[in-house]
Each structure stands twice: as structure tokens, then as C-alpha cells.
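Work through the exercises below with the structure open. Try each task before you read its solution.

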Amino acid sequence: MQATPEKRRPALKWTALLALLLLPLLLTGCDIGEAEMDFLLDLAIDWAISKNLLTVEGCPPPYDSDDCQIGINAGMIARWKAGQNKWIGAGMDTFGVDRAPQDVTDALDSAKTVYDQEQSDALAREGATEGDLEKLDQAIDMRPGDWSYQDKKGAVLLSQGNPEAADDAFNHADSLVQERIDNGESCLNLQLNKLRNREDALYQQSQLHPENEQLRNQLARTQDQIWALQNNHESSICK
Amino acid sequence: MAIDYESPPPKRRRGCLSCLVAVVGIVALCAVVWFLAPTVMTALGLSSPGAEELYSGASDPAANQAVEEVLVGSGIEGASARVIPIKGSDGQLAVITLGDASSIDWSESSSVEEGFLNTVRALSQVNAQGLGVERAVIDVRGEDGQPFIAITASQASIDAYANGEIDRDEFVRSVDADLDGLLELVDLQVLMGGE
């Protein structure tokens with residue numbers, strides 16, 4: 001059998017392996033070119049070997065010789081299935097069980113949080129577009145720590161001619177951010193984040209209600225604050 | 001010498017009330033420990049408040065847009081990015097979601113490997129502009145739109161690979177993944193029978 005010049009994986013019982021490694025990409029319906037897919041498959045196999053999901057015998061890295069015997073580590077997969085390994089981590093604890101650092105498991109769990117956030121974002125977007133405070137309050141209930149919903153609510157209230165209630169909402173957003181700054185988080189990053197979300201909310205309402213002067217004024221003030229923060233000018237927000 | 005055979009004064013017996021108070025006290029103590037332990041552990045950094053709490057803040061629209069533009073510029077279209085401040089930390093988490101509308105095309109680069117490396121480099125460069133990302137997550141969605149598989153790498157390893165300090169294999173080893181969604185679909189018997 002003639003060797004091909006490219007890096008080539010040995011013939012494997014790939015049916016199950018392909019299902020394991022490629023299913024996510026296939027299922028998403030992502031439009032991925034053939035060369036890109038081959039490359040990603042290579043990456044996935046290297047990763048699975050490095051994490052002991054696949055076993056390799058008879059050849060050294062990069063595992064492209066015909067002598068390679070690559071198999072599935074069913075024991076490891078069975079442990080996953082039993083719920084013992086939620087993730088594939090870098091090490092094992094003294095009991096021989098894989099343990100990921102907490103920041104890794106939290107990050108992996110963020111996908112679910114982002115999915116939930118998409119649902120509440122959609123509700124908040126609808127509320128802002130329709131001027132429906134009830135929808136905005138529902139979004140706030142779903143993610144009470146998200147100041148962007150308070151800013152959306154403030155902008156809608158301002159567009160409806162209720163500046164006092166709008167101030168309450170903006171102040172609530174301020175306090176959510178300030179609480180985190182008081183606990184040691186970056187003032188600059190959080191304030192810019194908040195003000196950009198506020199700017200977006202006010203801009204959207206000012207497009208919907210171009211005659212509203214209060215909206216325009218509040219938008220201008222917010223943009224001034226962003227400019228001051230970004231240009232390191234003396235700012236009362238982050239001293 | 002006369003011996004006083006008088007019996008010693010009877011010990012005062014503790015009443016049932018004392019026992020009851022002790023039991024109630026222990027139960028109350030256990031309850032306080034039970035309810036406060038997570039808070040105390042979290043405050044001491046011994047336990048995590050969980051993803052929902054850690055990423056409860058709003059994502060930064062400008063940072064989201066910057067990451068999305070970088071992805072488009074390096075051949076990944078239709079992905080959405082969220083740069084979320086991590087509660088209790090100065091850092092941020094970048095979550096890149098790939099779904100139905102996403103596509104990957106590295107044909108502009110000299111090779112797909114170069115295209116991949118250019119994407120990693122671009123992510124490293126955009127973060128160097130002050131985004132403060134500590135960790136990136138690729139959130140791959142299933143056909144129902146729900147999170148299906150999550151892959152994560154620290155920004156440190158992304159930067160190291162982008163700068164040539166580690167090779168591709170080392171970078172791949174630094175990646176972690178949550179395959180719960182995938183494994184729910186895998187029939188272990190079929191998988192083992194395939195060997």
C-alpha cells in the first residue's frame with residue numbers, strides 16, 4: 001500500500017468514533033468546508049487521544065502510521081455516561097476521578113446561562129420595541145442582576161413621559177454595577193459596559209420617538225460619560 | 001469518733017427541659033451551618049456560586065461586536081459573541097455561539113491550519129485591546145438550538161498558541177469540553193460493539 005504524503009489517520013473502526021466526535025458539528029448545520037472539516041476532525045482526534053478518550057497502541061505521535069491501533073476507551077465513556085465525568089479535564093484527584101478547576105466547570109456551564117440569557121434578551125427586546133413594561137419586568141425577573149434590562153426599562157419610561165420612574169430604573173442599574181465595583185471589580189470595564197448598554201437602549205427609543213427631547217438629552221449625557229471614561233479624562237464615575 | 005453516715009445531698013436531676021433545649025440547640029446549629037455553609041464557602045473562595053450567578057451581569061455590546069468582527073474577518077461568519085463580566089473578578093468570559101447560521105471558511109489562508117491559527121491570533125489580538133477576557137468558550141448548538149457541546153480554553157493558552165509559545169498539540173491538550181449533550185445521544189453498547 002502506497003503511503004500518501006499528507007498526514008493520514010490509520011484505518012479505524014470509525015463509525016462510532018465519527019458519531020462521537022463529529023455529531024455536534026454535523027447537527028448544528030454549520031456550513032463547514034471539506035478541508036476545514038478534515039482539519040477539525042484531526043483536532044478532535046488529537047484532543048480525544050490527549051484526554052484518554054481514545055487509546056493508541058503501536059505508534060508514536062502524530063499517530064499517522066498504518067501500525068497505529070486506535071480504539072475507543074469505553075471505560076472512560078462509561079464513566080461519563082454514569083455522570084462521574086461531566087467534562088474532560090486535565091488531571092485526576094487522589095481518588096483517580098477527573099476533576100476540573102472550578103473556573104473550567106463554571107465556564108462550561110456558561111453555555112446554558114447564555115441560552116437562558118437569549119430567552120430573556122428576546123423578551124426585553126420585545127418589551128423595549130413595543131413599549132411593554134410588563135415584558136421588561138418579566139425579563140428583569142429572569143435575570144435580576146442584568147443592568148441592561150433596567151436601562152431598557154428606564155429608556156422606555158422616559159419615552160412614555162415618566163422621568164421619575166425612568167430615574168428609578170437607571171438608578172437601579174447604577175446600584176447593580178456599583179455593588180460589584182464595591183466588591184472589587186473593575187470600575188472602568190463595568191461602567192463602560194453599563195453606559196454602552198444604556199446608550200443602546202436610549203438610542204433605540206430615540207429612533208422610535210424622535211420628538212422626545214428628554215430621550216435625546218439623556219442620550220447625549222450618556223455619550224459624554226462614555227467619551228470621558230474612554231479618554232481617561234477626569235471622571236466622577238471612576239476616580 | 002462518730003462517723004457521719006448521713007447520705008450526701010441528692011444530686012439535682014436535670015429535667016427533660018434541659019435535654020430538650022440541648023437537642024433544639026444542636027438542631028438549630030446544624031440548620032445554621034447547613035444554610036450558611038454555601039455562603040461562607042463562597043465568601044472564602046472554597047466554593048463557586050455557580051455559572052448563573054457568576055455570569056449574571058450584562059454583556060458588553062462593544063466587546064461583543066469587536067469579537068464578532070474578528071470572527072468574520074478570520075473566516076467564521078454567523079457566530080454570536082457575548083463578553084460577560086465574571087462576578088467577583090476583574091476578568092470577562094467570552095462565549096462564542098455557533099449555530100445553524102454559522103459557517104467556517106479558511107480558504108483565504110494558505111492552509112486550513114493557518115486559517116485556524118489566524119483565528120486564534122485574531123482573538124488574542126482583540127483581547128489585547130483591553131477586553132480583559134480570561135477564558136473563551138465555544139458554545140455549539142444542536143439542531144434544536146439548545147446548547148449541545150461546550151469547549152473552553154483559557155486566554156493564557158490562546159495567547160501562548162497565538163504567539164508561538166506552545167504548539168498545536170499542547171494547545172489542544174489545554175482545551176476542556178462538556179460533552180453531556182452529545183453523550184446523551186451515544187449508545188454505549190453500540191459504541192463498545194463497534195470496537
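**Exercise 1. Find the elements of chain B with the lowest and the highest mean pLDDT.**

Solution. Start at the low end. Helix α8 (residues 188-193) of chain B has the lowest mean pLDDT among the elements of that chain, at 58. Now the high end. Strand β2 (residues 80-85) of chain B has the highest, at 96. Then take the whole chain. This is a predicted model, and chain B averages a pLDDT of 83. In chain B, 78% of the residues score at least 70.

**Exercise 2. Do the same for chain A, then locate its stretches with pLDDT under 50.**

Solution. Begin with the average. Chain A comes to a pLDDT of 81, with 77% of its residues at 70 or above. Next, the elements. Confidence in chain A is lowest in strand β4 (residues 87-88) of chain A, with a mean of 50. It is highest in helix α6 (residues 147-159) of chain A, with a mean of 98. Last, the stretches. Residues 1-6 of chain A stay under 50 and have zero contacts beyond four places in sequence. Residues 88-97 of chain A also stay under 50, but here the model has 14 such contacts.

**Exercise 3. State how chain A is divided into domains, and how far apart the domain centres lie.**

Solution. Domain 1 of chain A covers 14-81, and domain 2 covers 102-230. Take the centres over C-alpha atoms: 43 Å separate them.

**Exercise 4. Describe the packing of α4(A) and α6(A).**

Solution. Two packed helices are described by the angle between their axes and the distance between the axes. Helix α4 (residues 102-130) of chain A packs with α6(A) at about 10°. Their axes are 9 Å apart. Angles under 35 degrees count as roughly parallel, and α4(A) and α6(A) are therefore roughly parallel to each other. Now list the contact residues. α4(A) contributes A124(A), G127(A) and A128(A). α6(A) contributes Y149(A), K152(A) and V156(A). Sort them by class: four nonpolar, one polar and one charged.

**Exercise 5. Work out the strand order of the open sheet of three strands, and its pairing.**

Solution. The order is β1(A)-β4(B)-β1(B). Next, the edges. β1 (31-32) of chain A and β1 (76-77) of chain B are the edge strands, each pairing on one side only. Then the link between the chains. β1(A) pairs with strand β4 (residues 103-104) of chain B in the parallel sense, over two bridges. I32(A) stands opposite I104(B) in β4(B). Over the sheet, the pairing is mixed.

**Exercise 6. Give the predictor's scores for the complex.**

Solution. Read off two values: an ipTM of 0.82 and a pTM of 0.80.

Conventions. Residues numbered from 1 in each chain as written. Chains lettered and ligands numbered in written order. Predicted model: local features only at pLDDT ≥ 70, side-chain atom pairs only at ≥ 80, totals over all residues. Pairing = 2+ DSSP bridges. Helix = DSSP H or I, 4+ residues; strand = E, 2+ residues; numbered from the N terminus. pLDDT = per-residue confidence, 0-100. Contact = placed C-beta atoms within 7 Å. Axes fitted to C-alpha atoms, helices over the stretch in contact; angles between N-to-C directions. Parallel < 35°, antiparallel > 145°, perpendicular 65-115°, else oblique. Nonpolar A, V, L, I, M, F, W, Y, C, P; charged D, E, K, R; others polar. Domains from an automatic or database assignment.
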